[in-house]
Amino acid sequence: AALAPAQQSVAGATKYPDVTPLPGGEFEMGDHHNFVDPGHPSDELPIHKVWIDPLSVGTYHVTKGQYVEYLNSAYAQGLIEVRNGLVYRKGGAEAYCETREIVSYSSIGWDGAAFTVVDFRSNHPVVGVRWHGAAAYTNWLSEQLGFEPCYDVSTWRCDFTKSGFRLPTEAEWEYAARGGQFNPYRKFPWGDDA
């Protein structure tokens, strides 16, 4: 999960993700290399100009350990529950993430009382987290650092005027993922060679 704009940096914090500030700017969003995804044939066209305000994004992926810390905190507060190996908001319909009980690749263990990282790779990126689980994590992270949560968990609408962490929009993600490479537009932040 990537994080976007907290108005203040949390660089130097040990248990929270580091963020990198990005300047705002305009770029041409879309497919510059004629890649056609059969599942979404017109998803990246037409190319169009987009302005991005300055923002901060997560420098690294959210780790398994960080996400498990969130799950244990949310469970202790009665905010989440586990049903058939999936984690949900208490009484909610949208799954947050998978546990080892339901999928073997999940590193999130659940013993009925606490969540753990079962493969001893706490510093590796977390996987198996759904969009709602990532948004809920950003709300929790915001609260831990004294910021206003951006998401209303009953509607999942994002209030962009809040000071907390949130997931980047598609345009913000593309802007950040380009690594400042806009002239010419490359396939990867480092160039066109995979």
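In this predicted model, Asn34 is found in the loop between strands S2 and S3. The phi angle of Asn34 is near 55°, a positive value in a residue other than glycine. With a relative accessibility of 70%, Asn34 counts as exposed, since the threshold for that class is over 50%. The loop between strand S2 (25-29) and strand S3 (48-52) also holds Pro46. The peptide bond leading from Leu45 into Pro46 is cis, with omega near 0°.

A positive phi in a non-glycine residue is likewise present at Phe120, where the angle is about 60°. Phe120 belongs to the loop between S9 and H2, and its relative accessibility of 78% places Phe120 among the exposed residues. A cis peptide bond also joins Asn183 and Pro184, with omega about 0°. Pro184 is located in the segment after helix H3 (170-177).

The chain as a whole contains three helices and eleven strands. From the N terminus on, these elements follow the order β-β-β-β-α-β-β-β-β-β-α-β-β-α. The radius of gyration is 18 Å, close to the 16 Å that the globule rule gives for 194 residues, so the chain is as compact as a globular protein of that length. Along its principal axes, the C-alpha trace spans about 55 × 40 × 35 Å. Of the 194 residues, 41% count as buried. Among contacts with a separation of 6 or more, 58% are made by residues 24 or more positions apart. The exposed surface of the chain amounts to about 10900 Å², of which carbon and sulfur atoms supply 52%. The chain carries 15 positive and 24 negative side chains, and the centres of these two sets lie 4 Å apart.

Helix H1 comprises 13 residues (residues 64-76); at 1.5 Å a residue, a span of 18 Å is expected, which agrees with the 18 Å that separates its end C-alpha atoms. The buried residues of H1 are Lys64, Gln66, Tyr67, Val68, Tyr70, Leu71, Ser73 and Ala74. These buried residues pack against several elements, including strand S5 (80-83), strand S6 (86-89), strand S7 (95-98) and helix H2 (131-144). Strands S8 (108-110) and S9 (115-117) are also among the packing partners of the buried residues of H1. Just after H1, Gly78 adopts a positive phi of about 75°.

Helix H2 has 14 residues, for which a span of 20 Å is expected at 1.5 Å a residue; its end C-alpha atoms are 20 Å apart, in agreement with that value. H2 is mostly covered, with ten of its 14 residues buried. The buried set consists of Gly133, Ala134, Ala135, Ala136, Tyr137, Thr138, Asn139, Trp140, Leu141 and Ser142. The packing partners of the buried residues of H2 are H1, S7 and strand S10 (151-152). Just after H2, Gly146 takes a positive phi of about 80°.

Within helix H2, Ser142 has a relative accessible area of 0% and is therefore buried, the limit for this class being under 20%. When residues up to four places away in sequence are not counted, Ser142 touches Phe147, Glu148, Pro149, Gly164 and Phe165.

Key. Residues numbered from 1 in each chain as written. Heavy atoms only, no water. Helix = DSSP H or I, 4+ residues; strand = E, 2+ residues; numbered from the N terminus. Rg over C-alpha atoms; globule rule 2.2 N^0.38 Å. Buried < 20%, exposed > 50% of the residue type's maximum accessible area, 1.4 Å probe, protein only. Contact = heavy atoms within 4.5 Å. Areas by Shrake-Rupley, 256 points an atom, 1.4 Å probe, with all protein chains shown as cover. Lys, Arg positive; Asp, Glu negative; His and termini not counted. Charge placed at Lys NZ, Arg CZ, Asp CG, Glu CD. Expected span 1.5 Å × (residues − 1).
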